[in-house]
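Student: I am new to this structure. Please take me through one part of it closely, and then show me how the rest fits around that part.

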Amino acid sequence: MSDAAQPTAAEVRAAAEAVKSALDRHLDAVERRSGDDDPAVYTAFNELAAAAETYDELLYEAYDEVTPFEIPGDGSMPAYTGPEEPSAISVLIRRDYTVTEPQRLLSQAQRVADLDPDVELGGSGKNGSEGGAGAGVHAALGVLFGEYEADEIASRHKEFGLEEGDSTLWVAAADEASDPGEWLNAPFDQADPEAVVCRFDVSAVFDDELDDEDDEEDEDDEEDEDDELEPLDSER
């Protein structure tokens, strides 16, 4: 917990009072709602979420404590405010992996090193990898991602001892292309969700949701079958 520019006790208390007021406004809006999509409820919800987030941040900064609740979002992107006719786009990709078989990863990196004289075992490899293939998982990752395109690693991840996690791809619009080297030092800092034209997400969470839905459907089918059998059983 840093001592620099810490919020005062009064500021934390004011944020807490703001949460209480927002709770009252949200409950009032819910009690007076005119339908499932009442804009007053939506507005009150957002105000409550913003107040809770501010309070949580100030509480942590001042006392190194957090609130026991979290107001979830709906997982959607904000409304698009980018150019109507973009002349440039940025494609932002994140893919998570777990190293499940380090020895397989090291073996693949060793194979690359054996075939490529630019990769030195225990030394510096090409494309900025340090340590070569023989210096452990860290260096092996540098060798493999320097040798193969990211899409190829995604399609062959099991061969490299990796297991896929969540992934996302954003296509963001822009009025003009960035100058060469403009964002290389901080490539993701300027990502603007409001400029995203479309996005594609992959997660095991979605698979779990589908499995749950399938289980519910199977249970419903079994109940329907039991209901159909009941009249037959009662006649016996």
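**A salt bridge and its surroundings**

Tutor: Start with one pair of side chains: Arg95 and Asp151 form a salt bridge, and their closest N and O atoms are 2.7 Å apart. This pair links distant parts of the chain. Arg95 sits in strand β1, while Asp151 sits in helix α5. In sequence, 56 residues separate them. Arg95 has a relative accessible area of 31%, so Arg95 counts as partly exposed. Keep in mind that the model is predicted.

Now step back for the frame. The protein chain has 6 helices and 3 strands. Along the sequence, the pattern reads α-α-β-α-α-α-β-β-α. The chain holds 236 residues, and 23% of them are buried. Take the contacts between residues at least 6 apart in sequence: 67% of these join residues at least 24 apart. The accessible surface comes to about 17,000 Å². Carbon and sulfur atoms account for 48% of that surface.

Return to the strand that carries Arg95. Strand β1 covers residues 88–99. Its partner is strand β2, residues 162–174. The two run antiparallel, and 11 bridges join them. One residue shows the pairing: Ile89 has Ala173 in β2 as its bridge partner. Strand β2 also pairs with strand β3, residues 196–202. Those two run antiparallel as well, with 6 bridges between them. Here Ser167 has Val202 in β3 as its bridge partner. In short, β2 is joined to β1 and also to β3.

Stay with Ile89 for a moment. Ile89 belongs to strand β1. Its relative accessibility is 54%, so Ile89 counts as exposed. The cut-off for exposed is over 50%. Ile89 joins Val91 and Ile93 in a nonpolar patch on the surface. Together, these residues have about 260 Å² of accessible area.

Next, follow the other end of the salt bridge. Helix α5 covers residues 150–155. The loop between α5 and β2 holds His157. His157 is buried, because its relative accessible area is 11% and buried means under 20%. What does His157 touch, leaving aside its neighbours within four places in sequence? The residues in contact with His157 are Tyr97, Leu162, Glu163 and Glu164.

The same stretch of chain brings in an aromatic pair. The structure holds 1 such pair. Its rings belong to Tyr148 and Phe160, with centres 5.2 Å apart. Their planes meet at 40 degrees, so the pair counts as tilted. Tyr148 lies in the loop between α4 (137–147) and α5, and Phe160 lies in the loop between α5 and β2, so the pair ties together parts that are 12 residues apart in sequence. Both Tyr148 and Phe160 are buried.

Now the other salt bridges. The count comes to 9. One of them pairs Arg199 with Asp201, with the closest N and O atoms 3.0 Å apart. Arg199 is partly exposed, at 30% relative accessibility. Asp201 is partly exposed too, at 34%. Salt bridges that share partners also join Glu152, Arg156 and Glu159 into one network.

Another salt bridge lies within a helix. The side chains of Lys20 and Glu17 meet at 3.3 Å, N to O. Why are Lys20 and Glu17 separated by about one helical turn? They are 3 residues apart in helix α1, residues 9–31, so about one turn lies between them. Lys20 is partly exposed, at 43% relative accessibility. Glu17 is partly exposed as well, with a relative accessible area of 36%.

One backbone detail remains. Most residues other than glycine have a negative phi. Asp64 has a positive phi of about 60 degrees, although Asp64 is not a glycine. Asp64 lies in the loop between α2 (39–63) and β1. Its relative accessible area is 40%, so Asp64 is partly exposed.

Finally, go back to the opening pair. Arg95 is in strand β1 and Asp151 is in helix α5. Around them you can now place the β1–β2 pairing, the buried His157 and the tilted pair of Tyr148 and Phe160.

Notes. Residues numbered from 1 in each chain as written. Predicted model: local features only at pLDDT ≥ 70, side-chain atom pairs only at ≥ 80, totals over all residues. Heavy atoms only, no water. Pairing = 2+ DSSP bridges. Helix = DSSP H or I, 4+ residues; strand = E, 2+ residues; numbered from the N terminus. Buried < 20%, exposed > 50% of the residue type's maximum accessible area, 1.4 Å probe, protein only. Contact = heavy atoms within 4.5 Å. Patch = residues over 30% accessible without salt bridge, like charges linked within 9 Å, V, L, I, M, F, W, Y side chains within 5 Å. Areas by Shrake-Rupley, 256 points an atom, 1.4 Å probe, with all protein chains shown as cover. Salt bridge = Lys/Arg side-chain N within 4 Å of Asp/Glu carboxyl O. Phe/Tyr/Trp six-rings, centres within 6.5 Å; stacked < 30°, edge-to-face > 60°.
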